[in-house]
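This report describes one protein model and what surrounds its ligands. Please look through the sequence and the structure before reading on.

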Amino acid sequence: MKKILITGGAGFIGSHVVRRFTTQYPTYQIYNLDALTYAGNLENLSDIDALPNYHFVKGDITDAAFIDELFQLHDFTGVIHLAAESHVDRSISDPLSFVMTNVVGTANLLNAARKAWKDELGKPDRTRLFYHVSTDEVYGELHDPNEFFLETTKYDPRSPYSASKASSDHFVRAYHATYKLPVVISNCSNNYGPNHFPEKLIPLMIHNIIQNKPLPVYGKGENVRDWLYVEDHARAIDVIFHKGMVGETYNIGGHNEWKNLDLVLLLCKTMDEKLGREAGTSEKLITYVTDRAGHDLRYAIDATKLKNELAWEPSLQFAEGLERTVDWYLNNTAWLENVTSGTYQKYYEGMYAIR
Ligand code: NAD
Ligand code: TYD
């Protein structure tokens, strides 16, 4: 029987991973460990939380004693680690919380797994796996339009967020080299889709267009991101978790580069059509604001290794993914209202730490 710990499962990507694993693998027991920070929202899982193979644990990965206790209580066969502080702008105003969760929290999980799995470390059969979910931002920024991030690209993080994720990746590799902990890492490009917290570009713009509020474009809007639909990322995680080689790294990307301004203009056009507004209405809301400090120019992934070795490719065209995303936000205005007002957080007060 597989007993899998998924950390950060109440967040954006984590909720899609939890849904995929609980529904595709009914024989697996899935434990979602989440501290329910501002980014964690159990409403994201309301459609699956009654499933018999789903279990929620409220807890903080920075608490080493608690994490050790959890690994003693449950004989986890796998870990899929997504819990993190994930927003670059927050990392600029509060870098140390990123060190705590992303670096110390990851080290706590690695250490608990090392102790719990001590009798099996280094054995050839793949009975345990620690899967670390990371970002392409660890590679820094690209300037040459013909260049892409490969698994071998040198690390060059430039924000406190990417530095903390790079550090966590190094700890994962160090635990593999030193203790033979069975690990796998993936580095993914920017995700978009339902349940994305409206502090990030796409959901923020959708929210502000609905509300007729200014659309803040950093600098001149020339920075480029490679966007992947979140369910395609969850499917890649599934494939890598089951078929990836221990000790390996896989880059995941959408082959879908957009300049921020072009993306915001496309969103304005799509939303005008959906909301029955005159063409050009939402575009007038675009407001150029002071650029982000150290703003990375371009991210772009070369996902050839994942395609050739594990036969994964993005399944959705961007136009379809974006339309699905916009429709989801328009059909879930209560979710949007709850997360922007903070209402959802009050339900979690007094929740038990271990279940
Ligand atoms: P998110 O911010 O939406 O969710 C993070 C989740 O982690 C939340 O549910 C939060 O409550 C939980 N969490 C935070 N601190 C915690 C702690 N100390 N203990 C326990 N739980 C805690 O993030 P996301 O966008 O879903 O990203 C998930 C993972 O994927 C992160 O590791 C991120 O670095 C990585 N990633 C994200 C993207 C992206 O575009 N969003 C791209 C590539 C990789
Ligand atoms: P974001 O969604 O924060 O993801 P990341 O910084 O991890 O790539 O931002 C995506 C891009 O959009 C990035 O180049 C910064 C830019 N951006 C804006 O122009 N305005 C905004 O209000 C936000 C949140 C981001």
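A polar contact is a pair of N or O atoms within 3.5 Å; within protein, one must be able to donate a hydrogen and the other to accept it, and residues adjacent in sequence count only if both atoms are side-chain atoms. One such pair joins the side chain of Asp 34 to ligand 1, where an N or O atom of Asp 34 is 2.5 Å from an oxygen atom of the ligand.

## Basis of the description

The model is predicted, so local features need pLDDT of at least 70 and side-chain atom pairs count only at pLDDT 80 or more, while totals for chains, interfaces and linings use all residues. Residues are numbered from 1 along each chain as its sequence is written, chains are lettered from A and ligands numbered from 1 in the order in which they are written, and side-chain values use heavy atoms, with hydrogens and water left out.

## Surroundings of ligand 1

Ligand 1 is surrounded by 28 residues (a residue is near a molecule or strand if one of its heavy atoms lies within 4 Å of it). The closest are Ile 13, Asp 34, Ser 86, Tyr 161 and Lys 165. Ile 13 has a backbone N or O atom 2.8 Å from an oxygen atom of ligand 1. Ala 35 also takes part through its backbone, with an N or O atom 3.1 Å from a nitrogen atom of the ligand. On its own, ligand 1 has 830 Å² of accessible area, and the protein covers 96% of that (areas come from the Shrake-Rupley method with a 1.4 Å probe; for residues, only the protein chains shown count as cover).

At least two residues of this shell come from each of α1 (12–24), β5, α5 (160–179) and β7 (190–192). Helices (H or I, at least four residues) and strands (E, at least two) are DSSP runs, numbered from the N terminus. Strand β5 gives the largest share, three residues. By type, the shell around ligand 1 has 13 nonpolar, twelve polar and three charged residues. Here Ala, Val, Leu, Ile, Met, Phe, Trp, Tyr, Cys and Pro count as nonpolar, Asp, Glu, Lys and Arg as charged, and the others, Gly among them, as polar.

## Surroundings of ligand 2

Around ligand 2 there are 17 residues, of which Glu 137, Pro 216, Arg 225, Arg 292 and His 295 come nearest. The side chain of Arg 225 places an N or O atom 2.7 Å from an oxygen atom of ligand 2. For Arg 292, a polar side-chain atom lies 2.5 Å from an oxygen atom of the ligand. Leu 201 uses its backbone instead, with an N or O atom 2.9 Å from an oxygen atom of ligand 2. The protein buries 96% of the 510 Å² that ligand 2 exposes when taken alone.

Two elements, α6 (201–211) and β8 (215–218), give two or more residues to the shell around ligand 2. The largest share, three residues, is from β8. The shell holds seven nonpolar, five polar and five charged residues.

## The seven-stranded sheet

Seven strands, paired in parallel, make an open sheet with the order β3-β2-β1-β4-β5-β6-β10 (two strands pair if DSSP finds at least two bridges between them). Strands β3 (54–58) and β10 (249–252) are at the edges with a single partner strand each, so one side of each has no neighbour in the sheet. From one strand to the next the twist averages 20 degrees (axes are lines fitted to C-alpha atoms, for helices over the stretch in contact, and angles run from 0 to 180 degrees between N-to-C directions).

Parallel strands β2 (29–34) and β3 are joined by five bridges. In one of the pairs, Ile 30 is matched with Tyr 54 of β3.

## The three-stranded sheet

A three-stranded open sheet runs in the order β7-β9-β11, and its pairing is mixed. Its edge strands, β7 and β11 (257–259), each pair on one side only. The twist here averages 50 degrees from one strand to the next. Strand β7 pairs with β9 (224–229) in the parallel sense over three bridges, and Asn 190 has Trp 227 in β9 as its bridge partner.
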